Amino acid sequence: MRLVSLAPLLLSMAFAPLALANDPPAINNAPGPQLRSGSVMVIPAPAQVHRTTGEGFTITAATALQAEGTAARRVAAQFADLLARSGGPTLVPGKVTAQGGVRFVLDRSAPATRLPATPDERYVLESTARGITVRATSEAGLFYGATTLAQLATGGSNGLVPAVRIEDAPRFTWRGLMLDSARHFQSLDEIKQVLDAMAAHKLNTFHWHLTDDQGWRMEIKRYPKLTEVGSCRIPAGDGGRDAITGAPRPYCGFYTQQQIREVIAYAAALHIQVIPEIDVPGHATAAIAAYPELGVLDTPLQPLSEWGVFPNLFNTEESTFVFLENVLEEVIDLFPAAYVHVGGDEAVKDQWIASTRVQQRMKELGAADEMQMQSHLIKRLETFLEQHDRRLIGWDEILEGGLPPQATVMSWRGTEGGLKAASEGHDVVMSPVTDMYMDYLQTASPNEPPGRPLLTTLARTYAFEPVPATLAADKQHHILGLQANMFTEHTRTHARLQHNLFPRLAAVAETGWSPVQQRDFRDFLARLPAQLERYRAWGLAYAQTPFEVAVNQQDDRRSGSVQVRLANPLGYEVRYRTDGQPVTADATLYTSPLQATVPVTVQAAAFFNGQPLAAAPTQTAYTAQSLLTRRDDELLTCPGPGQLLLRLEDDGPADGPRAVFNVNIFNPCWRWADADLTGIRTLKVRAGRIPYYFQLAHDEPQRKFEAATRAHGEMKIRRGDCSGPALAEVPLPASLGADGFVTLEAALPKRLTGKGDLCINFTGDTRPAMWVLDEATLAE
């Protein structure tokens with residue numbers, strides 16, 4: 001989802017791990033951490049922090065915990081649980097004594113703070129040497145005060161809560177995360193872990209993407225085939241076959257209505273609303289596979305393990321509209337939230353345009369074009385939802401063709417759609433692909449998992465401002481807030497999901513909660529290590545890559561020397577060793593490039609306040625042979641047309657880890673920048689093939705692969721700009737080795753000398769399988 005619509009952006013940009021592989025990493029331009037005066041170690045940063053006199057209060061296992069009333073006692077129990085899970089002591093209820101303690105007070109009679117924000121989420125926290133009190137006018141506010149207190153007492157504080165008065169309330173009412181369970185399915189326990197983490201970051205909206213081309217994940221009792229048929233697909237390639245028998249190995253999963261109620265109740269206890277998404281009229285393949293009469297074509301469909309934009313739309317018959325209303329009726333019965341999301345995005349209209357029946361139906365309904373036809377459907381569903389006391393929300397494409405007056409827009413194709421909608425008086429949630437998509441890579445590290453080819457760093461996510469500067473002051477209240485989106489085409493495992501979400505979700509949380517004047521990225525970086533300590537206590541597998549050390553080399557093969565540059569992407573200090581000893585806080589501080597003779601091994605780690613930030617140091621070994629070798633993530637793309645770049649995993653094995661490759665799916669060509677070919681006679685390339693599993697609709701013509709002249713194609717070697725006659729050409733084999741790879745050896749002309757770009761291109765159509773390059777080696 002949302003791959004094809006990005007193609008114009010992708011075609012004009014470099015894929016970060018590829019493009020940056022031969023550029024020196026930034027050394028001094030990263031901001032680096034710097035704690036602001038008066039700041040407390042809390043994420044998101046509170047609205048107002050007033051330091052007071054005294055030494056504060058230390059929470060220990062002996063600290064009394066007091067709350068009166070059912071709601072306050074419920075929050076106190078949640079606080080005790082979060083405190084213990086975050087590495088703090090285990091507390092039990094008890095009366096606060098002269099020695100002090102922690103009190104939770106729910107007082108609905110008066111505002112808890114003077115802050116002009118949503119009353120039911122504000123709180124006040126006061127800490128003195130005599131104890132700590134959290135007050136609020138609602139249970140939600142008291143809960144958020146509890147999460148703040150749990151942070152103050154953990155993350156390296158040893159239970160000491162400073163003397164402070166915090167008056168806090170959120171900036172926005174919608175602070176969300178969208179999770180795609182249609183492409184890859186999560187268990188209830190995995191979803192609950194995500195909800196726990198959301199609540200600890202004061203996020204309050206869980207947008208649940210339950211239907212798409214690749215799967216229908218919600219039980220609808222009136223239409224059982226939606227899950228009987230629509231919840232299973234056969235993964236592409238080796239992952240979809242039993243390794244022994246060769247039989248199909250389906251990927252299945254759906255949530256029963258009872259399980260959905262369980263998730264909703266679990267979220268409600270954490271003050272999180274759950275917004276369901278049922279996608280129309282596009283992203284409908286799984287539903288049409290289950291009930292073919294819903295589609296436009298007579299061709300039978302099945303849910304596929306392909307990504308991108310499918311052409312299959314719901315048809316425009318009255319019976320299909322009734323089907324959608326019947327589905328929404330069960331959705332409404334399940335989900336108590338005020339909003340229902342109906343998608344509306346990426347509905348390629350080719351089938352409607354080509355269908356005589358759809359064109360006739362448009363005339364019957366008075367729709368001048370296909371966009372008005374979609375608008376008619378959206379308005380029909382909005383009316384149905386209003387009749388059932390619900391509000392419609394959809395992606396910003398629902399603006400096209402006219403928008404129902406009460407509809408809310410979720411702006412993903414940038415902020416322009418949100419700006420337009422808010423200017424017209426519609427409520428808006430900002431979730432632009434450039435800043436809020438958590439499936440995009442977050443660093444240029446070769447250790448990043450598969451993902452989409454836009455580098456959405458922690459700094460970029462943090463810098464996003466949801467309210468456009470050009471939006472009129474009297475319309476700014478229509479910006480309800482922001483939302484991070486986690487699409488899961490490439491997120492096959494829960495560990496990968498956690499990597500993609502954290503710590504970037506902490507940045508989303510701070511933008512959604514904290515006032516603009518409290519947002520300071522350097523201060524955020526200084527508070528982040530304490531949050532990482534809490535993540536570790538929770539067992540949360542947050543991304544290591546932002547806390548690793550980026551390594552860049554400039555080598556001289558003939559002299560046997562290498563210059564090594566080191567940097568942490570976030571600007572934390574870097575320390576290193578070359579003597580094989582562990583990298584500790586007293587290792588050499590990196591300040592300038594290292595010049596060394598091979599062989600040499602460089603170990604490096606990022607530190608904050610003397611503590612390493614990643615689980616293990618970065619280790620790079622340089623030898624005479626390594627200077628002759630480049631992995632795929634150390635190579636660049638080739639210049640010219642045809643650029644759609646992804647970081648993809650192999651199609652097998654069915655279970656367990658898989659190899660990951662950087663691939664230009666439109667043009668299988670790799671470039672070794674500034675390769676020294678003096679004395680080189682041979683280029684060896686280890687390559688393999690993986691399925692081409694993309695549907696890209698109108699962007700399919702962007703594929704610019706070079707036509708093959710042999711039955712199975714050829715590998716061509718060129719220099720310079722990767723065009724012109726080939727220096728060498730190797731026929732490609734009909735089959736590969738047992739491991740799915742083959743080593744191709746190209747003899748280079750003897751006359752080659754000096755440095756220059758070396759291009760490796762595979763000819764032939766990238767469908768149904770495309771070449772991936774694992775490693776290239778020069779031989780003297």
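Strand E9 pairs with strand E10, residues 205-209, in the parallel sense, over five bridges. The chain gets from E9 to E10 through helix H5, residues 188-200, and this β-α-β crossover is right-handed. Keep in mind that we are looking at a predicted model.

E9 has a partner in strand E21 too, residues 479-486. That pairing is also parallel, over six bridges. Take leucine 177 as the reference point. In E10, leucine 177 stands opposite phenylalanine 206. In E21, leucine 177 stands opposite alanine 484.

How many of the residues of E9 are buried? Seven of seven, across residues 174-180. Look at the two faces. Trp174, Gly176, Met178 and Asp180 point one way. Arg175, Leu177 and Leu179 point the other way. Both sets are buried.

Now compare strand E26, residues 594-597. Its side chains alternate. Leu594 and Ala596 point to one face and are buried. Gln595 and Thr597 point to the other face and are not buried. E26 runs antiparallel to strand E23, residues 561-567, and four bridges join them. Within that pairing, valine 562 has alanine 596 as its bridge partner.

Next, two buried strand residues. Start with histidine 341. Histidine 341 sits in strand E17, residues 339-343. Its relative accessible area is 0%, so histidine 341 counts as buried, the cut-off being under 20%. What does its side chain reach? The backbone nitrogen of glycine 343, at 3.1 Å. Setting aside residues up to four places away in sequence, histidine 341 touches His207, Ile275, Pro276, Glu277, Ile278, Ile393, Gly394, Trp395 and Met410.

Threonine 408 is the second one. Threonine 408 lies in strand E19, residues 408-411. Again the relative accessible area is 0%, and the residue is buried. The side chain of threonine 408 makes a polar contact with the side chain of arginine 391, at 3.5 Å. Arg391 is also in the contact list of threonine 408, which leaves aside neighbours within four places in sequence. The rest of that list is Tyr339, Leu392, Ile393, Gly394, Ile398, Asp427, Val428 and Leu480.

From strands to a loop. Asparagine 315 is placed between strand E16, residues 307-309, and helix H9, residues 318-334. Buried or exposed? Buried, with a relative accessible area of 7%. A polar atom of the asparagine 315 side chain lies 3.1 Å from the backbone nitrogen of glutamate 317. Beyond its neighbours within four places in sequence, asparagine 315 is in contact with Glu293, Leu294, Gly295, Val296, Thr320, Phe321 and Trp352. For a sense of scale, take methionine 430, 115 residues apart from asparagine 315 along the chain. Their C-alpha atoms are separated by 30 Å.

On to the helices. In helix H17, residues 504-513, 10 of the 10 residues are buried, so the helix is largely enclosed by the rest of the structure. The buried set includes charged-type names you might check on screen, among them Arg504 and Glu510. Trp513 is buried there as well.

Helix H18 takes us to the aromatics. The structure holds 30 aromatic pairs. One of them is phenylalanine 521 with phenylalanine 524, and this pair is stacked. The centres are 6.1 Å apart, with 15° between the planes. Both residues lie in H18, residues 521-538, three residues apart, about one turn of the helix. An α-helix has 3.6 residues a turn, so residues three or four places apart point the same way. Phenylalanine 521 and phenylalanine 524 are both buried.

Tyrosine 542 and phenylalanine 547 give us an edge-to-face pair. Here the centre-to-centre value is 6.1 Å, with 80° between the planes. Both of these residues are buried. Tyr542 and Phe547 also belong to one aromatic cluster, together with Phe502, Tyr535, Trp538, Tyr572 and Phe608.

Last, two arginines over rings. Arginine 519 lies over the face of tyrosine 462, at 5.9 Å from the ring centre. Arginine 686 lies over the face of phenylalanine 741, at 3.9 Å from the ring centre.

Terms used
Residues numbered from 1 in each chain as written. Predicted model: local features only at pLDDT ≥ 70, side-chain atom pairs only at ≥ 80, totals over all residues. Heavy atoms only, no water. Buried < 20%, exposed > 50% of the residue type's maximum accessible area, 1.4 Å probe, protein only. Contact = heavy atoms within 4.5 Å. Polar contact = N/O pair within 3.5 Å; in protein donor to acceptor, adjacent residues only side chain to side chain. Pairing = 2+ DSSP bridges. Right-handed = clockwise from strand over helix to strand, strands pointing away. Phe/Tyr/Trp six-rings, centres within 6.5 Å; stacked < 30°, edge-to-face > 60°. Lys NZ or Arg CZ within 6 Å of the ring centre and 35° of its normal.
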